[in-house]
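Thanks for making time this morning; I would like to walk through one model, going from its cysteines to its core, its pocket and a few single positions. Please have the viewer open as we go.

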Amino acid sequence: MLRIAVCAPSTPYDREDAVRVAALVAGYPGLDIVFHDQCFAQEGHFAGPDAVRLAAFVECANDPGVDAVWFARGGYGAGRIAQDAMGLLGPAARAKRYLGYSDGGVMLAALYRAGIGHPIHAPMPVDLRREGGEAAVRRVLDWLCGQDSGLEPSLDGATPVAAFNLMMLSMILGTPVMPDLAEHVVMVEEVAEYDYAVDRLLFHVTAGLAAMKVAGLRLGRISQVPENDRPFGVNHEEMARHWCARAGLSYRGRADIGHDADNRIVPFGLAGTPPGQ
């Protein structure tokens with residue numbers, strides 16, 4: 001039996017949604033799931049104070065009876081605890097899989113930098129709220145059970161990879177949680193940013209990744225773009241190609257990731273196969 005612990009390093013989760021996710025997991029005989037009570041805590045924007053979110057993550061990560069730690073949702077907050085968390089993780093944390101995306105990417109980055117466990121860009125329990133969201137949640141459950149159909153199609157098992165929300169990656173460049181991504185193909189996606197902001201983020205990120213000597217960049221979906229007072233005049237792929245060329249970075253095409261129900265799974269590093277294979 002593979003046991004999944006859910007915590008919320010960023011914003012609060014809903015108990016009714018947790019019940020719905022647990023009902024899905026009940027259909028998988030090889031899986032068990034437990035939602036840490038901290039998921040439902042609230043303090044302002046956050047799922048409890050920093051100390052509470054930190055303690056819950058560390059408890060789940062250090063529990064030898066837990067095989068995977070799944071972040072309930074994104075939002076904002078993980079960056080306030082990620083650096084402190086790494087120094088509190090013991091031997092049991094090193095064998096686990098850690099799954100999430102969006103703001104959870106900060107935790108994945110910190111774990112990858114520290115060489116702790118197996119960080120995985122993947123849909124989260126909150127995605128059940130999306131249209132078609134059940135498929136997103138099942139994608140993760142299927143993968144944990146050994147199926148590879150939910151993996152991002154470009155993974156070849158020979159090139160190390162990582163995947164991030166574009167804003168999150170821009171914010172962690174140059175910080176103590178940023179991992180060394182030399183020789184990696186880095187995939188990025190974004191949601192709810194103006195086109196000019198996406199262009200600005202790509203300028204910053206491509207320059208930083210080029211200095212790190214990454215192998216290349218793949219562009220995921222840029223969704224829910226607000227309408228500006230005038231058209232930007234350049235589409236997202238043109239932006240990515242432009243800034244990759246300016247930075248001397250290889251543009252590798254599109255990636256099937258994004259803030260949507262079709263978001264695919266990207267295990268960091270060379271872990272391009274399902275668990276146990």
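Let me begin with C145, which is partly exposed at a relative accessible area of 41%, where partly exposed is the range between buried, under 20% relative accessible area, and exposed, over 50%, computed with a 1.4 Å probe on protein chains only. Before going further, I should say that this is a predicted model, in which local features need pLDDT of at least 70 and side-chain atom pairs count only at pLDDT 80 or more, while totals for chains, interfaces and linings use all residues. Residues are numbered from 1 along each chain as its sequence is written, and side-chain values use heavy atoms, with hydrogens and water left out.

How many disulfides does the structure hold? It holds 0, a disulfide being a pair of cysteine sulfur atoms within 2.5 Å. C145 is in none, since the nearest cysteine sulfur, that of C60, is 19 Å away. C60 itself is buried, at 6% relative accessibility, and its closest cysteine sulfur, in C7, lies 4.6 Å away, which is too far for a bond.

Turning to the interior, the largest nonpolar core has 95 residues, and F57 and W70 touch the most other members; by nonpolar core I mean a set of buried Ala, Val, Leu, Ile, Met, Phe, Trp, Tyr and Cys residues joined through side-chain atoms within 4.5 Å. Helix α4, residues 105–114, gives the largest share of this core, with 6 residues. Helices here are DSSP runs of H or I with at least four residues, strands are runs of E with at least two, and both are numbered from the N terminus.

Which residues of helix α1, residues 15–25, are buried? They are D17, A18, V21, L24 and V25. Seen down the axis of α1, these buried residues fall within an arc of 115°, so they line one face of the helix, the arc being that of the directions from the helix axis to the C-beta atoms. On the other side of α1, the exposed residues are R15, E16, V19 and A23.

The largest pocket is lined by 15 residues, with G79, R80, V106, I172 and V177 lying nearest its centre. Two elements, α3 (82–86) and α6 (166–172), each give two or more residues to that lining. For the method, a pocket is an open set of points on a 1 Å grid over the protein atoms alone, where a 1.4 Å probe fits and protein lies on both sides within 12 Å along at least five of seven lines, and lining residues have an atom within 4 Å of a point.

Helix α6 also holds L166, which is buried with a relative accessible area of 1%. L166 and V198 are 32 residues apart in sequence, yet their C-alpha atoms are 8.0 Å apart in space.

Finally, two backbone positions are worth a look. S102, in the loop between β4 (97–100) and α4, has a phi near 60°, a positive value in a residue other than glycine, and S102 is buried at 13% relative accessibility. E183, in the loop between α6 and β7 (185–191), also has a positive phi, near 70°, but E183 is exposed at 59% relative accessibility.
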